[in-house]
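The following exercises concern the arrangement of domains and a pocket in a protein chain. Please consult the sequence and the structure before reading each solution.

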Amino acid sequence: MDADVVVVGAGLAGLRCADRLAEAGRRVILLERDEVVGGRQRTDEVNGFLLDRGFQVLNPVYPAVQRWVDVDDLALRPFGAGLLVRRARGLVALTHPLRSPAGVPATLRSGLLRPRELGALARWAAPALARPRAVISGPDRAVREGLDAAGVTGPLRHEVLEPFLAGVVAEDRGETSEAYVRLLVRMFALGVPGLPARGIGALPAWMADRMTRRAQAPEVRLSAGVVGVRAGAEPGVECLDGTSLTARAVVVAVGPEAVAGLVDVPAPQTRGLRTWWFAAPEAPTDSDLVVVDGRRRGPMVNAAVVSNAVPSYAPPGEHLVQVTTLLGDGADPSEDDVRRQAAEVFGRPTTAWRTIRRDDVFDALPAQPAPLRVTSPARVAAGVYVAGDHRDTASIQGALVSGHRVAGVVLGDLGAA
């Protein structure tokens, strides 16, 4: 037998799972098909720019992040606490009154805060802030139905909340679970997302480095793809190079696009996002806020001058701008459309912007329809388990929690055996 447990996939769920198993004294082999750990949480350096695989952020108030990650080690740089919103008359800023009190006058002048709608939105969000577990276990419906019922029907919803959420849940029809969106709103209310100074890939790299420094550390094998998984009395995996491994248990922690090819589970429904990365000789705004188009006159769901928030993402004298759109379900936006809308939104020409890369992330995150399912069974066959955010909630939080939870089930089964 080659190991107690073979973990397939070194994304966040696989790293957390392998770490917990090894910490409990189990012999673990962690297999990753790519040449680096991280899965979608990956950063490439291109001509001095740091480019993540699509625009992503890390919220430091996620409970799993606070428990298992030292955010200070990542040199996390926050975006501004709020949003820039393009309205018919120009860009207006909405900022968090406690974290950016200097922005309160501009927020009040934005024309977006009608007292009745603001009160309705506060009442709608309040249960998630006060009793998040009750939101998870309570009744659920599509978020558009919940906002309608709550009376959130004015410009704050249509020009701010809906455009912003489209970039977060990767759909703009309001089909996502109301409970899930409420939990997201809770996290945005409690914390300010940001990015590590060396890119989102610094998160899995930090996890892997800490894990391999332990006295009892997993064996990590990179560029080690898996083509088959065996269940039964002698679980194991068939590797891309023609070799095989046997273990007492196998944990499949691959992404939603690959899991059904290895184990007998339904392929999760996913949402897609497309991100353009542009090098700009001049920043189109000095703001470090994420930008949405309240007019909704094009494919863009959000944009940001990433280097305003995290200067290390661009070389000296240049600026990194990202523009993200939906992808899939017939959406195939062109660069011309994106540049036109970005020029309108920022009020600055985009002709001098250089395209660095376009990321098409067809499986950016698992869909989260109502009713919200926050966990799926860890064990799917004799000796075979599945972890990932597609088995919990679509987020960094969900991936970490899933890996930890599945490791606990494995340890319980191995102990009982």
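Helices here are DSSP runs of H or I with at least four residues, numbered from the N terminus. The model is a predicted one.

**Exercise 1.** Determine which helix gives the largest share of the lining of the second largest pocket.

*Solution.* Begin with the pocket itself, whose volume is about 630 Å³. Its lining comprises 20 residues, and Pro 63, Ile 136, Leu 183, Thr 393 and Gln 397 are the closest to the centre. Next, identify the elements that give two or more residues to this lining: helix 5 (132-137), helix 8 (178-190) and helix 12 (396-416). Of the lining, the largest share is that of helix 8, with five residues.

**Exercise 2.** State how the lining residues of the second largest pocket divide by character, and from which domains the lining draws at least three residues.

*Solution.* By character, 11 lining residues are nonpolar, five are polar and four are charged. For the second part, recall that the chain is divided into domain 1 (3-42 + 201-269 + 373-416) and domain 2 (44-199 + 271-366). Each of these two domains provides at least three residues of the lining.

**Exercise 3.** Describe the interface of domain 1 and domain 2.

*Solution.* First, count the contacts: 23 residues of domain 1 touch 30 residues of domain 2, with heavy atoms within 4.5 Å. Second, consider area: the two domains bury about 2300 Å² between them, with 62% of it on carbon and sulfur atoms. Of the area that domain 1 buries against domain 2, Arg 40, Arg 42 and Trp 206 supply 31%, more than any other three residues. Finally, one salt bridge is found across the interface.

Methods:
Residues are numbered from 1 along each chain as its sequence is written. This is a predicted model: local features need pLDDT of at least 70, side-chain atom pairs count only at pLDDT 80 or more; totals for chains, interfaces and linings use all residues. Side-chain values use heavy atoms; hydrogens and water are left out. On a 1 Å grid over the protein atoms alone, a cavity is a set of points where a 1.4 Å probe fits but cannot get out, and a pocket is an open set with protein on both sides within 12 Å along at least five of seven lines; lining residues have an atom within 4 Å of a point. Grid points are joined across faces, edges and corners, and a volume is the space filled by probe spheres set on the points. Ala, Val, Leu, Ile, Met, Phe, Trp, Tyr, Cys and Pro count as nonpolar, Asp, Glu, Lys and Arg as charged, and the others, Gly among them, as polar. Domain bounds come from an automatic or database domain assignment. Buried area is the accessible area (1.4 Å probe) that two parts lose on being put together, summed over both. A salt bridge is a side-chain nitrogen of Lys or Arg within 4 Å of a carboxyl oxygen of Asp or Glu.
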